[in-house]
Every structure is written in C-alpha cells, then in structure tokens.
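Biologist: Thanks for making time today. Could you open the model so that we can go through it together?

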Amino acid sequence: MSRRPILAGNWKMHHTHLDAIQVVQKLSYQVDPKTYDDVDVVVCPTFTALRSVQTTLEADRIPIQLGAQDVHWEEHGAFTGEVSPTMLEKLNVAYVIVGHSERRELFGETDDNVNKKVQAVLAHGMTPILCVGETLDEREAGQTQAKVTGQVRAGLAGVKAEVAATVVLAYEPIWAIGTGKNATSEDANETIGQIRAEVREMFGAGTASEIRIQYGGSVKPGNIGELMEMPEIDGALVGGASLDPDDFARIIRYRD
Ligand code: PGA
C-alpha cells in the first residue's frame, strides 16, 4: 500500500510569533499549492506562536497543517506551565510531537508519560508524532533495535490497532539530531523496517502497512531526496533546516 508522505518542521525554541508568521508566509510563496495534494506538510511552532500561525494559515488558505511540540495528558488542573490537549484542539492543531528525545533527555520524560500523552492526543482527535531513537553509546553497543522497538511498544501500549494505524512514528537517532551527521538512508531504512516489524507484531499486518514512519536527524535539502526514495521511510521530522523557509521549501519540493 502506498502511504502518504509527511514532512514536519519542528521549530523547537526558535521563532517568536512574529517571525513564525513570516516564515509560513514565505514558505507559502515558495511552494506550489498543488504540491500539497501528494504530501502532508506540518509546522510545529512554540506554544506562544500557535495561535498566530493558525490564523495565518487559515486566513491565507495555506494548506500547511499545524502541529504542537508537546502536550500534557490531563484536561486541566494544577500543572503550572503545562498545556492541555483541549487547548491545542481548539487551535485546530492536527499533530502533536510526543516523546522527542530532547524532552526525554533534558526534561525527564518517561515512557509512561509518553504513553499517556499519545493516548490523550488520540482521544482529542489529533495525531501524535511519536519519537523514538537511540544514543550513540546504544548504537555502538548494538542496542539500536532493542531501544527503539521498546520505545514504540511502551509509547503505543493500550492503543487499538485501527487507531495505531493513524499514528505517525519518527525514528530519530539522538546522535544525528542537530549534529549534521545524518544516518545513511540505508541505515535509517533498516531501523524503520525493524520498527514496522514491531508494529506488525503488536497490531497486525494491516496496521503495519498503514502506519507512517518518518526519519529525523539532520535532514537537509541535500539528503531528503535519497531518504524519501527508501521504501520504509514515509517522511521526515526536520529541525534546523525547517527554520529557514528557503530550506524547508526545498525539502517540501523534494520530488522536483
Ligand atoms: P535536526 O532536528 O533536523 O536539527 O537534526 C531534528 C529533530 O530534533 O526533530
């Protein structure tokens, strides 16, 4: 089955709401609207820029979808600094990045937290982009497959097979994030194949053939083409290169 490619820009803690508006507008000038017929494009600004980007996309009818970088799993309550799934849903957020390695490593997010976030996002009709990936030490110790499949299993625990098919997974080797060292397309394809095999074991062949799995880690205009040619790779989660509208537009136009 052919899966619809999905390219998402993770802006991390970059771009004020004013910059974010400019970036989506510049992006829209550089991408032929027909391009979006064949690919989902998502931008994930900071929380403070979500509303501005939402209104820009809607007012200018730009077919880019809105994503958030994180969420809390509770509806409301005494959780200073957190943002609830309802708050995101009301902004027409379609995708939510969950379990990014920076949240796991720098903010102590556990597999259990990640699973609660995945469930909360799905319960609100949004799509989680569930991130998994190994450190350099784990890779060198031959633990890549065990690490990423364990994270997938924990992140998707308790999710029904037909719902799991709608989730987006992102394989992001931690050593490749922001370092300029990307995994080779063959290595990324191999690990993503292992992730798909794990999804097959958990949910069956139907879910495994439908679920979309991105690669992330130093994706650039110069390597997106070969990554997207790989049979297991359904898209990319792009950090640094998504901040610049020229670069991200070139990534979106990877077929040209
Ligand atoms: P990078 O980030 O493209 O800057 O390596 C990817 C990510 O963290 O999602």
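Biologist: Which residues does D40 contact, leaving aside its neighbours within four places in sequence?
Modeller: Keep in mind that this is a predicted model. D40 lies in strand 2, residues 40–44. Leaving aside neighbours within four places in sequence, its contacts are R4, P5, I6, L7, Q65, Y95 and R212.

Biologist: Is D40 buried or exposed?
Modeller: The cut-off for buried is under 20% relative accessible area. D40 has a relative accessible area of 10%, so it counts as buried.

Biologist: Nice. Which side chain is joined to that of D40 by a polar contact of 3.2 Å?
Modeller: Q65 is already among the residues in contact with D40. The polar contact of 3.2 Å joins the side chain of D40 to that of Q65.

Biologist: Let's turn to T149. Which backbone oxygen does its side chain reach?
Modeller: T149 sits in helix 7, which spans residues 144–155. T149 is buried, at 10% relative accessibility. At 2.7 Å, its side chain reaches the backbone oxygen of Q145.

Biologist: And what separation do the C-alpha atoms of T149 and Q194 have?
Modeller: Not counting residues up to four places away in sequence, T149 touches Q194 and E198. T149 and Q194 are 45 residues apart along the chain, and their C-alpha atoms are separated by 7.6 Å.

Biologist: On to the nonpolar cores. Which helix gives the largest share of the largest core?
Modeller: The largest nonpolar core has 67 residues, and those with the most contacts inside it are L88, V93, V96, L169 and Y215. Its largest share, five residues, comes from helix 9 (residues 185–203).

Biologist: How many residues are in the second, separate core?
Modeller: I6, Y95, I97 and L237 are included in this second core. I6 and Y95 also appear among the contacts of D40, while L237 is one of the contacts of Y215. The second core has 11 residues.

Biologist: What is the volume of the largest pocket?
Modeller: By class, its lining has seven nonpolar, six polar and five charged residues. Helix 4, residues 101–106, gives the largest share of that lining, three residues. The space in the largest pocket is about 480 Å³.

Biologist: Last one: which lining residues are closest to the centre of the second largest pocket?
Modeller: About 200 Å³ of space lies in this pocket. Its lining divides into five nonpolar, eight polar and three charged residues. Of the 16 that line it, the closest to its centre are K12, G178, S218, G239 and G240.

How values were computed:
Residues are numbered from 1 along each chain as its sequence is written. This is a predicted model: local features need pLDDT of at least 70, side-chain atom pairs count only at pLDDT 80 or more; totals for chains, interfaces and linings use all residues. Side-chain values use heavy atoms; hydrogens and water are left out. A nonpolar core is a set of buried Ala, Val, Leu, Ile, Met, Phe, Trp, Tyr and Cys residues joined through side-chain atoms within 4.5 Å. Buried means under 20% relative accessible area, exposed over 50%, partly exposed in between (1.4 Å probe, protein chains only). Helices (H or I, at least four residues) and strands (E, at least two) are DSSP runs, numbered from the N terminus. Contact means heavy atoms within 4.5 Å. A polar contact is a pair of N or O atoms within 3.5 Å; within protein, one must be able to donate a hydrogen and the other to accept it, and residues adjacent in sequence count only if both atoms are side-chain atoms. On a 1 Å grid over the protein atoms alone, a cavity is a set of points where a 1.4 Å probe fits but cannot get out, and a pocket is an open set with protein on both sides within 12 Å along at least five of seven lines; lining residues have an atom within 4 Å of a point. Grid points are joined across faces, edges and corners, and a volume is the space filled by probe spheres set on the points. Ala, Val, Leu, Ile, Met, Phe, Trp, Tyr, Cys and Pro count as nonpolar, Asp, Glu, Lys and Arg as charged, and the others, Gly among them, as polar.
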